[in-house]
Amino acid sequence: MTQTATKKALVTRELKASWEFKQTDLDDWMPVKTVPTNVHLDLIANNVIPDPFLGFNELKCEWVADKSWTYRTTLPDVGAAKDGQVHELVFDGLDTFATVKVNGEVVLESDNMFIPHRVDVTEALKDAESNVLEIDFRSALVEGRKIKNTHPEHKWVGFNADMARLATRKAQYHWGWDWGPVLMTCGPWRAVRLETSCARISDLRVDYDLNKSLDDVIVRVSVNTERSNGADARISILDGSDIIFEKTVAIDSKGLAKADFHIAHPKLWYPHGYGEQPLYTCEAVLVIKGQDIQTCSRKTGFRRGELIQEPDEVGKTFFFRINGVDVFCGGSCWIPADSFTPRVTKEKYQSWLQTLVDGYQVMIRIWGGGIWEEDIFYDTCDELGILVWQDFMFGCGNYPAAIKEFRESVEAECVAQVKRIRHHPSIVIYAGNNEDYQVQEQCGLTYNYDDKDPENWLKTDFPARYLYEKTLPEVIAAHSPHVPYHPGSPWGDGLISSDQTVGDMHQWNVWHGTQEKYQIFDTLGGRFNSEFGMEAFPHIDTIKYYVTDPAELYPQSHMIDFHNKADGHERRIATYLIENFRTTDTSLEAYIHLTQLSQSDALMYGYRGWRQQWGKKRLCGGALVWQLNDCWPVTSWAIIDYFQRKKPAYYAMRRVLAPIAVAVKRAHHDWSVVHARPAKTSSFECWVSSNSTKEVTATKVELKFISIATGKEIKEALVKKDVKITANGTTNVFDGELNNEKEEPHVLAARIWIEGESDVISRDVDWPQPLKYLNMDERGVKVTFDDGKITVTSAKPTKGLVFEEREGVLVNDSAIDIVPGDQQTITVKGLKPGDAPLKWRYYGQ
Ligand code: BMA
């Protein structure tokens, strides 16, 4: 909100500077650099605790969570309130159990970090020169445990961290997660402001109805105001900076003003790759006696977003249709970008999301164990054309919804947050929680889907059903009715969450669960795979950053294990390496590379197959890798590490999610259950996946069979010319059978050329599995760097050539397979003349 310079105008003062803080029971005040902040950031800045991201320092910071912390500042002199003016303190977020005092008088108690507050302090501001604002933050650990102990009737069960977390409306990952440290923050984690107004706009809501043919939209704007007797609202719609409509409406006695607008032929908002992202601005100005008091605005985009769940031969579809176009949602799950989110800059958010777009990913899922994201997150998704899957902030637990205060707090939170974000065109689904229905199943809690009486649900040992199937759908119906609501991720018609026929699914039987081989990932999916993943070590520089003792720089060191929070990670990583690769080189670099190859192959097998299924009657509507990012330097499922250094999987995903992607695959043969006997024959198939809404012509699709030992073609290549590639679907090009007894081990190498493009636009190489049985002797790899380009050739098939990820240097491809006779050109940005060429490494080097 902005203000104009009149006497009556609303004045906002953000209280950023001049704060100090201390441990509540001590008397040593320390300076605070800036608000928003949290206690850990301030303790680090004052050298009271070491950086918890280094070495074992997390342990040295644990005590912080047991204490209470106090923040204070002297308020600016705002003078006495006159002519009906009101002074209000505004808190966008207080983490978490907070008592707010002005001049010693309590003006607010808060216990939910996601509820913004506004408090009238006109009376409390007595002495204009030295009004003191003080906030005590009690320990969430202590408070959470108190609530838990007061309610022994509730079953405090779930996965990850101390179950007292379920009692607190605090970002659940602060309590520790299987990729995150235990760092129990507190403090003013979002902006604090002092506002003076005689009247104000409290809400601006924009709804719209887009007609069936998408060429006409009715925009309905409602403006809520306070203390606005006799005032008007000037409401306008802007296209860029052009005002296309403007109406001045009298505000009614309830403080409400409404206006409708009709836009013929609106520009439509599309996800990237499908069209543009035009945004319109809706602006409301509060006008009193001809004076502009306050301006409030929302940017929005017009699109029809549908979640298509229709019965089919398998069960029910689950996919998104935007403006009538079916969109395969390849993308990622998102966790908070830092254990300490107040320090995540706007630029950092933008670069994370740009990287997503550059990787041909179209959807991001804001996971329920993190935070309702910052405005900049949603703004950037709107601008870049990213679809947002928004979880409500519940994760992996049995939440105590039978406690009335808890339910009320949740409802207030969800109303406030949905109102904050609902105008963003990027948001296409709300989901009730992350894996709470899985907790219900695995912990044997009661869930009788046929019982439709919410009051009964509250009496069961799974009371949170009340939130996911009553409270939250009602919140959405009232405040954001055009966005589909889904009770949980995963969830499907009340069936078991591993059901592959309806709803979405988290497929964790690769890595967790039964630890299936990743080569069969495609067969394990459901109608929408909203989670699946594989761990990989981060970049060597990231490891070197946190390993404070050089003697700890080996793959299984104590310090490296400490920076992996997943149960059984040592065994699981080892299993996938031992099953697939030769692990004779035990250097840290080689080990990093192998874990990363295992991740990139695993994810490739998933995405490639699920996208193929998309083309076949929308069998799979999308796949979101667990997880895009990290909140600290760690070994995790992230495909990009905390410092935004990409792991090879990012590029493997990019290739299989490209607008047009050729794919080749031989049938999986489970070598371990047949005691390493090879299959006599293997069928293979080669297909093309296309996102294009129009049929395109492939001038050529080619499939070569190349010996791994000699690099020679073992038989004649298959070639097809002028292949019509089905729009938004899968086109089968070749299939056949390999004779493994007669044919020596070889790769299947596919390439595709498209009308109007001179270069190969996509390639794929299928390898005999497991790779460990192959003899990868000298490959004859040549890599040349030349003015923004890297050229790579190989005399024999080469697997997983990865370029060094260097700060400021961007390659458009990496983790590539190379076959003889197919020179590949990679573009590289940011490498200056005189810079050392990027290092590179391939499998078996
Ligand atoms: C999923 C997520 C997270 C977890 C991840 C890896 O279930 O929802 O809770 O971090 O698995 O175990």
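**A helix pair and a three-stranded sheet**

Strand β30, spanning residues 681–690, is joined to β33 by 10 bridges, and the two strands run antiparallel. Within this pairing, E685 has D735 of β33 as its bridge partner. The model in which these features appear is a predicted one.

The two strands belong to an open sheet of three strands, ordered β29-β30-β33 with antiparallel pairing. Its edges are formed by β29 (660–666) and β33 (729–739), each of which pairs on one side only. From one strand to the next, the twist averages 15 degrees. Helix α14 packs on this sheet and touches β29, β30 and β33. The direction of α14 makes about 65 degrees with that of β30.

Helix α14 also has a helical partner. Two packed helices are described by the angle between their axes and the distance between the axes. For α14 (residues 588–615) and α15 (residues 648–657), the angle is about 20 degrees and the axes lie 8 Å apart. Because angles under 35 degrees count as roughly parallel, α14 is roughly parallel to α15. Their crossing is right-handed. On the α14 side, the contact is made by Q596, Q599, S600, L603, M604, Y607, R608 and R611; α15 contributes P648, A649, A652, M653, V656 and L657. By class, this contact has nine nonpolar, three polar and two charged residues.

At the level of the whole chain, the protein is divided into domain 1 (3–138 + 169–196), domain 2 (199–300), domain 3 (659–775) and domain 4 (777–845). The C-alpha centres of domain 1 and domain 4 are 50 Å apart.

Note on methods
Residues numbered from 1 in each chain as written. Predicted model: local features only at pLDDT ≥ 70, side-chain atom pairs only at ≥ 80, totals over all residues. Heavy atoms only, no water. Domains from an automatic or database assignment. Axes fitted to C-alpha atoms, helices over the stretch in contact; angles between N-to-C directions. Helix = DSSP H or I, 4+ residues; strand = E, 2+ residues; numbered from the N terminus. Parallel < 35°, antiparallel > 145°, perpendicular 65-115°, else oblique. Left-handed = near helix turned anticlockwise from the far one by under 90°. Contact = heavy atoms within 4.5 Å. Nonpolar A, V, L, I, M, F, W, Y, C, P; charged D, E, K, R; others polar. Pairing = 2+ DSSP bridges.
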